[in-house]
Amino acid sequence: MKKKMSVLDFKKFKAEGRKFAYITAYDYTTASIVDESNVEVILVGDSLGMTMLGYSSTVPVTMEQMIHHTTAVVKGAPNTFIAGDMPFGSYEVSVEEAVRNAIRLFKESGCDCIKLEGGTKYVDRVHAITEAGVPVMGHIGLTPQNATQLGGYKVQGGTPEGAAELIEDAKNLEKAGAFSIVVECVPSVVAKAIAKAVSVPILGIGAGPDVDCQVLVLQDMLGMYPDFRPKFVKIFADVRAEMLKGLNKFHEETLSGEFPSPEYSFNKEVDLSKLY
Ligand code: KIV
């Protein structure tokens with residue numbers, strides 16, 4: 001059985017050059033499967049707004065929904081480090097509100113850290129939440145909660161100025177207390193430079209191979225979510241096709257009467273003669 005990572009292990013893994021893997025999960029059953037796998041970290045991402053709730057973006061996701069899903073994942077994956085995502089609107093307004101909501105998510109769900117999107121502009125939140133005793137994972141590059149402002153789901157840091165800004169963001173997040181940083185959708189060379197600039201691990205999603213950890217959305221890498229497939233997603237198993245096969249077989253056997261056979265029925269004899 002795998003040993004659950006601690007916050008301290010993140011920096012240690014990076015110092016030792018030891019890579020690890022990070023996947024999303026939003027429910028008990030999926031979390032229990034990830035827990036049984038060798039994947040070290042789970043993110044209960046606000047991407048659940050799209051994959052679980054059918055919204056077209058992460059913007060409508062609420063604190064209550066994040067707590068609801070994160071609580072289920074925590075129950076299903078006792079041996080896996082779990083990050084809970086702060087939804088849009090839960091940390092932008094003030095430092096105080098950010099701390100209050102971070103404590104709520106951490107305390108009510110039992111997750112191991114919270115993640116929030118944004119670089120230098122939110123280092124005051126990262127510092128205050130960390131000081132309050134809640135470990136913080138940063139998230140820079142493409143920040144999906146601001147996709148509209150960024151002009152869509154686009155590669156970030158594609159200019160020397162943009163790259164320099166991301167490196168600065170990462171350094172400032174580390175200084176503020178972030179123990180790891182998600183870097184999403186940036187050119188590989190830029191992600192490599194960010195990873196070199198800080199001593200906390202860079203958790204890359206669409207950030208190339210030269211980072212400390214790879215992140216993917218589970219529904220993407222198992223081919224389950226058909227609405228949108230970013231370039232960086234590799235399908236590791238076609239679970240959607242397998243599910244469709246199973247569902248159609250169930251339908252076929254229901255219509256033919258092949259299911260349920262005696263094996264799947266309660267075959268005890270009961271005398272019904274007195275009923276007629
Ligand atoms: O919500 C999410 O799934 C994320 C990942 C894309 C990193 O933030």
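Visitor: Which pocket holds the space taken by the ligand?

Guide: That space is the largest pocket. Keep in mind that this is a predicted model. The volume of the largest pocket comes to about 950 Å³. Among its 47 lining residues, Ile-205, Leu-216, Val-217, Asp-220 and Phe-232 are the closest to the centre.

Visitor: What makes a residue count as one of those around the ligand?

Guide: One of its heavy atoms has to lie within 4 Å of the ligand. The residues that pass are Thr-24, Leu-43, Gly-45, Asp-46, Ser-47, Asp-85, Lys-115, His-139, Val-182, Glu-184, Ile-205 and Val-217. Sorted by class, this shell has four nonpolar, four polar and four charged residues.

Visitor: Why is the pairing of Asp-46 with the ligand called a polar contact?

Guide: The cut-off for a pair of N or O atoms is 3.5 Å. A polar side-chain atom of Asp-46 is 3.0 Å from a ligand oxygen atom, so the pair qualifies as a polar contact. Lys-115 also puts a polar side-chain atom 3.0 Å from an oxygen atom of the ligand. For Asp-85, the distance from a side-chain N or O atom to a ligand oxygen is 3.2 Å. Both of those values fall within 3.5 Å, so they count too.

Visitor: How do you know whether the ligand is mostly buried or exposed?

Guide: Taken by itself, the ligand exposes 260 Å², and the protein buries 95% of that. Mostly buried, then!

Visitor: Which elements build the walls of the largest pocket?

Guide: Strands S1 (20–24), S6 (180–184) and S8 (213–216) each give two or more residues, as do helices H2 (28–36), H3 (48–51) and H9 (218–221). S1 has the largest share, with four residues. By class, the lining splits into 29 nonpolar, 11 polar and seven charged residues.

Visitor: What makes up the lining of the second largest pocket?

Guide: Here the classes are three nonpolar, 11 polar and four charged residues. This pocket has a volume of about 320 Å³. It has 18 lining residues, and those closest to its centre are Gly-141, Thr-143, Glu-165, Leu-166 and Asp-169. Strand S5 (136–141) and helix H7 (160–176) each supply two or more of the lining residues, with H7 giving the largest share, four.

Visitor: Why is the peptide bond from Phe-259 to Pro-260 called cis?

Guide: Its omega is near 0°, and that is the value behind the label. Pro-260 belongs to the segment after helix H10 (239–256). Most peptide bonds are trans.

Visitor: And what makes Cys-185 worth pointing out?

Guide: Its phi is near 55°, a positive value in a residue other than glycine. Most residues other than glycine have a negative phi. To find Cys-185, look in the loop between S6 and helix H8 (188–197).

Notes
Residues numbered from 1 in each chain as written. Predicted model: local features only at pLDDT ≥ 70, side-chain atom pairs only at ≥ 80, totals over all residues. Heavy atoms only, no water. Polar contact = N/O pair within 3.5 Å; in protein donor to acceptor, adjacent residues only side chain to side chain. Areas by Shrake-Rupley, 256 points an atom, 1.4 Å probe, with all protein chains shown as cover. 1 Å grid on protein atoms, 1.4 Å probe; cavity = no way out; pocket = protein on both sides within 12 Å on 5 of 7 lines; lining within 4 Å. Sits in = over half its atoms within 2 Å of the grid points. Nonpolar A, V, L, I, M, F, W, Y, C, P; charged D, E, K, R; others polar. Points joined across faces, edges and corners; volume = space filled by probe spheres on them.
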